[in-house]
Amino acid sequence: MKRWLTGVAEKKGWPVSALFPSVGLVMALSSADAWRAEADPSASLDKTQYTLFNPTPRELMREMNTDRPDKTESPFTVDAGHFQIEADILNYTYDRYNSARTDTRVETVSIAPMNLKVGLRNDVDLQLLVETYTSVRTHDFSAGSIQKNRGFGDLLIRAKWNAWGNEGGATAFAVMPYLKLPTSQDNLGNNSVEGGVIFPFALELPAGWSMGLMTQLDLVHDVSGSGHHPEFLNSVTFGHDIIGELAGYAEFFSAVSTESGSDRIGTVDVGLTYGLTRDIQLDGGVSIGVTRAADDINPFIGISWRF
């Protein structure tokens, strides 16, 4: 599959280096069997009998893992028969330094966008991402006008299959296909069905550090409306416990589009997480744009709850 995509990219003139750097690193490290051998004894516990209708007993549940607050998705799934809600309490975005070099300021406020998860099997969960309410305020200084767009956003349906590492070990890897449904109001979206696949990978590092890698391939509707084009997202995040249940992370994120005239999006992200209980996690952070195409700054606070 990778050889075919690389050949297509070379013929089309797409940035081959943006295709699968994270996945390439995963394959270069070792074989899956070698990684499984490093897992702790709990990884040998058979939990395949548990499903949505036969939930995993609480004493056998894994440590809570979330796909937030960083952009790098987690390879770990929700235990079978259990639910998890991951949401921004408040999310604010400011953008003035833009790639079009227009004299505009765009401010976006998102209230309680959430990811609703349910464990279908021990290694599979289903996710529904809901943009409950978004308000976009565009101030065009050259025209002296202000445009406001408000309402419900698009829906994303995702599935996550953990290939290995769910129950412990030095590494973990998952595959996450997704589909976007154009349900947004007031021109908040592009009114197009889109989709893609995400490949998240986690690695334990020495001295208590952890690393996450993600490669994502999206099929996105053209701005011109003539069709779809691929986009490639890549990220790397490093995390470490600070004190008690408080931990922090630093992340580097990049998005590259194959559409003509598009610009690369790059951000540097930092944040904190705090485990309030075994099943509740608080978080907060900020994403800082380092390219014109990225939003200038994006602070947020959020919460995750498992039950």
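**Notes on the predicted model**

1. Starting with the surface: the protein has an accessible surface of about 15,500 Å², and carbon and sulfur atoms own 61% of that. Keep in mind that this is a predicted model. On the burial side, 47% of the 307 residues are buried.

2. For the overall layout, expect three helices and 15 strands. If you take the contacts with a separation of 6 or more, 55% of them are between residues 24 or more positions apart.

3. There's a nonpolar patch on the outside worth a look. Its members are Ile89, Leu90, Ile111, Tyr133, Tyr274, Leu276, Leu282, Ile301 and Ile303, and together they put about 750 Å² of accessible area on the surface. Strand 1 (83-95) and strand 15 (297-306) each chip in at least two residues of the patch.

4. Take Ile303 from that patch. This isoleucine sits in strand 15. Its relative accessible area is 32%, so Ile303 counts as partly exposed. Patch members need over 30% relative accessible area, and Ile303 has 32%.

5. Now for the inside. The largest nonpolar core is a 12-residue set: Ala163, Trp164, Phe173, Val197, Phe199, Phe201, Leu203, Met211, Leu213, Leu217, Phe232 and Val236. Two or more of these come from each of strand 7 (155-164), strand 9 (194-204), strand 10 (209-221) and strand 11 (228-243). Strand 9 gives the largest share, with four residues. As background, side chains in a regular strand alternate between the two faces of the sheet.

6. Don't merge that core with its neighbour in the list: there is a second, separate core of five residues, with Leu156, Tyr178, Ile198 and Met214 among them.

7. Over to strand pairing, where strand 13 is a good one to follow. Strand 12 (residues 246-257) and strand 13 (residues 265-275) run antiparallel and are joined by 10 bridges. One example to click on is Tyr249, whose bridge partner in strand 13 is Gly271.

8. Strand 13 also pairs with strand 14 (residues 280-289), again in the antiparallel sense, through nine bridges. These two strands make a hairpin, with four residues between them. Here Tyr274 has Leu282 in strand 14 as its bridge partner, and both Tyr274 and Leu282 are on the list for the nonpolar surface patch.

9. Charges next. Side chains of opposite charge can pair when their charged atoms come close. This structure holds 20 salt bridges. One of them joins Glu107 and Arg105, at 3.4 Å from N to O.

10. The one I'd show first is Asp67 with Lys117, where the closest N and O atoms are 2.8 Å apart. Lys117 is in strand 3 (residues 114-121), Asp67 is in the loop between helix 3 (32-37) and strand 1, and the pair links distant parts of the chain, 50 residues apart. Are these two buried or exposed? Both Lys117 and Asp67 are buried.

11. Asp67 has another partner: its side chain also meets that of Lys160 in a salt bridge, 2.9 Å from N to O. Lys160 belongs to strand 7 and Asp67 to the loop between helix 3 and strand 1, so this pair ties together parts 93 residues apart in sequence. Lys160 and Asp67 are both buried as well.

12. Which residues are linked with Asp67 in a network of salt bridges? They are Glu73, Glu86, Lys117, Arg158 and Lys160.

Key. Residues numbered from 1 in each chain as written. Predicted model: local features only at pLDDT ≥ 70, side-chain atom pairs only at ≥ 80, totals over all residues. Heavy atoms only, no water. Buried < 20%, exposed > 50% of the residue type's maximum accessible area, 1.4 Å probe, protein only. Contact = heavy atoms within 4.5 Å. Areas by Shrake-Rupley, 256 points an atom, 1.4 Å probe, with all protein chains shown as cover. Patch = residues over 30% accessible without salt bridge, like charges linked within 9 Å, V, L, I, M, F, W, Y side chains within 5 Å. Salt bridge = Lys/Arg side-chain N within 4 Å of Asp/Glu carboxyl O. Core = buried A, V, L, I, M, F, W, Y, C linked by side-chain atoms within 4.5 Å. Pairing = 2+ DSSP bridges.
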